[in-house]
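Trainee: I have a new structure to read. Could you walk me through it, feature by feature?

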Amino acid sequence: MKNIFFILCLSVILNGGELEKNLKNLFPTYDVVSVDKLNSIPKSNLVVLMDKTSNQKDIIISDDSGKNFFYVKNAFLKDKNDKKLYDQKVEFIEDKVQKEVFEILKTIPQDRFISINSFYKDNKKTIYMITDPECPYCKKEMDRLVKYLRNANLKIIFAPVHGKSAFIKSAIMLERSKSIDPSNQKAFIDLISKYYDTNTAVTDDMASDEQVQKVFFDAKKIFSKGLVKSVPFMFEIDK
């Protein structure tokens, strides 16, 4: 990671001037983190930008003037060195984002998480999952809980992006999880499966306003810096 950071810093120095000035005019709320020449496309550069407020980072391709740009994916680049460069930039961005999201999560009380021990008690890894019980993509991840628990401990926190029922389901799961031992994986899987089931209906009286408000404030904090743009959002750390 230090090597990647060195490359980023060096590339800013070498590719400054008019190009960087024009990029700043195009993106006034962003800083230019790095500019690197590409082999795949003549007179073009791979550029990493960072929002000054949220620290959100984006990768674009710019021409040498810095006046024209477009967004890019790895598959678009034909040169193997360009692909490697792109992957390094993505790794740098993802690592930074995950660390910053982890810092946000550390400010949230532990009782706001559902904590489940791995099937293997000596497991040193923990997967953090930011999720919404009414998100179909989140449900697909929850259907893989057994697989995840074989490889890591889990810490689940709710940040619903759907309607009130998603907040109620989240509050219910948090409350009921308090009486489950962290090593009782089956009980957690049964609880989560029930409330991620699209056929499970809930009513307002199944969770207190205070419990629902706590879920709302958790979600607000998680999304506040623009680092988490959607759910599910997952990352792994050493325990």
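Trainee: Where does Glu20 lie?

Mentor: This is a predicted model. In it, Glu20 sits in helix H2, residues 18–26.

Trainee: Is Glu20 buried or exposed?

Mentor: Buried means under 20% relative accessible area. Glu20 has 14%, so it counts as buried. Look also at Lys67, which is 47 residues from Glu20 along the chain. The C-alpha atoms of the two are 9.6 Å apart.

Trainee: Which helix holds Glu141?

Mentor: Glu141 is part of helix H4, residues 136–142. Its relative accessibility is 16%, so Glu141 is buried. Leave out residues up to four places away in sequence, and Glu141 touches Met129, Tyr148, Pro232 and Met234.

Trainee: Let me step back to the whole chain. How many helices and strands does the protein chain have?

Mentor: There are 8 helices and 8 strands. The C-alpha trace spans about 60 × 40 × 30 Å along its principal axes. Of the 239 residues, 45% are buried. Now take the contacts with a separation of 6 or more. Residues 24 or more positions apart account for 67% of them.

Trainee: Which domains does the assignment give?

Mentor: Domain 1 covers 18–89, and domain 2 covers 108–238. Their C-alpha centres lie 36 Å apart.

Trainee: How do I read a nonpolar core? Which residues have the most contacts inside the largest one?

Mentor: Think of buried nonpolar residues joined through side-chain atoms within 4.5 Å. The largest such core here has 62 residues. Val101, Leu105 and Ile130 have the most contacts inside it. Helix H3, residues 80–105, gives the most to this core, with 9 residues.

Trainee: Where does this core lie relative to the domains?

Mentor: Domain 1 and domain 2 both give residues to this core, so it lies between them.

Trainee: Which residues are in contact with Ile130, apart from its neighbours within four places in sequence?

Mentor: Val101 and Leu105 are in contact with Ile130. So are Ile157, Ala159, Ile222, Val228, Val231, Pro232 and Phe233. There is also a second, separate core of 9 residues. Phe27, Tyr30, Val32 and Val47 are included in that second core.

Trainee: How do I describe two packed helices?

Mentor: Use the angle between their axes and the distance between the axes. Take H6, residues 164–177, and H8, residues 209–223. Their axes come within 9 Å and cross at roughly 105 degrees. That makes H6 roughly perpendicular to H8.

Trainee: Which residues make the contact between H6 and H8?

Mentor: H6 brings Phe167, Ile168, Ser170, Ala171, Leu174 and Glu175. H8 brings Gln211, Val212, Val215 and Phe216. By class, the contact has 7 nonpolar, 2 polar and 1 charged residues.

Trainee: What should I look for in the backbone?

Mentor: Most residues other than glycine have a negative phi, and most peptide bonds are trans. Start with Lys43, where phi is near 55 degrees, a positive value in a residue other than glycine. Lys43 lies in the loop between strand S1 (30–37) and strand S2 (44–51). With a relative accessible area of 65%, Lys43 is exposed.

Trainee: What kind of peptide bond joins Val231 and Pro232?

Mentor: A cis one, with omega about 0 degrees. Pro232 lies in the loop between H8 and strand S8, residues 233–238. You have met Pro232 before, among the residues that Glu141 touches.

Conventions
Residues are numbered from 1 along each chain as its sequence is written. This is a predicted model: local features need pLDDT of at least 70, side-chain atom pairs count only at pLDDT 80 or more; totals for chains, interfaces and linings use all residues. Side-chain values use heavy atoms; hydrogens and water are left out. Buried means under 20% relative accessible area, exposed over 50%, partly exposed in between (1.4 Å probe, protein chains only). Helices (H or I, at least four residues) and strands (E, at least two) are DSSP runs, numbered from the N terminus. Domain bounds come from an automatic or database domain assignment. Contact means heavy atoms within 4.5 Å. Axes are lines fitted to C-alpha atoms, for helices over the stretch in contact, and angles run from 0 to 180 degrees between N-to-C directions. Angles under 35 degrees count as roughly parallel, over 145 as roughly antiparallel, 65 to 115 as roughly perpendicular and the rest as oblique. Ala, Val, Leu, Ile, Met, Phe, Trp, Tyr, Cys and Pro count as nonpolar, Asp, Glu, Lys and Arg as charged, and the others, Gly among them, as polar.
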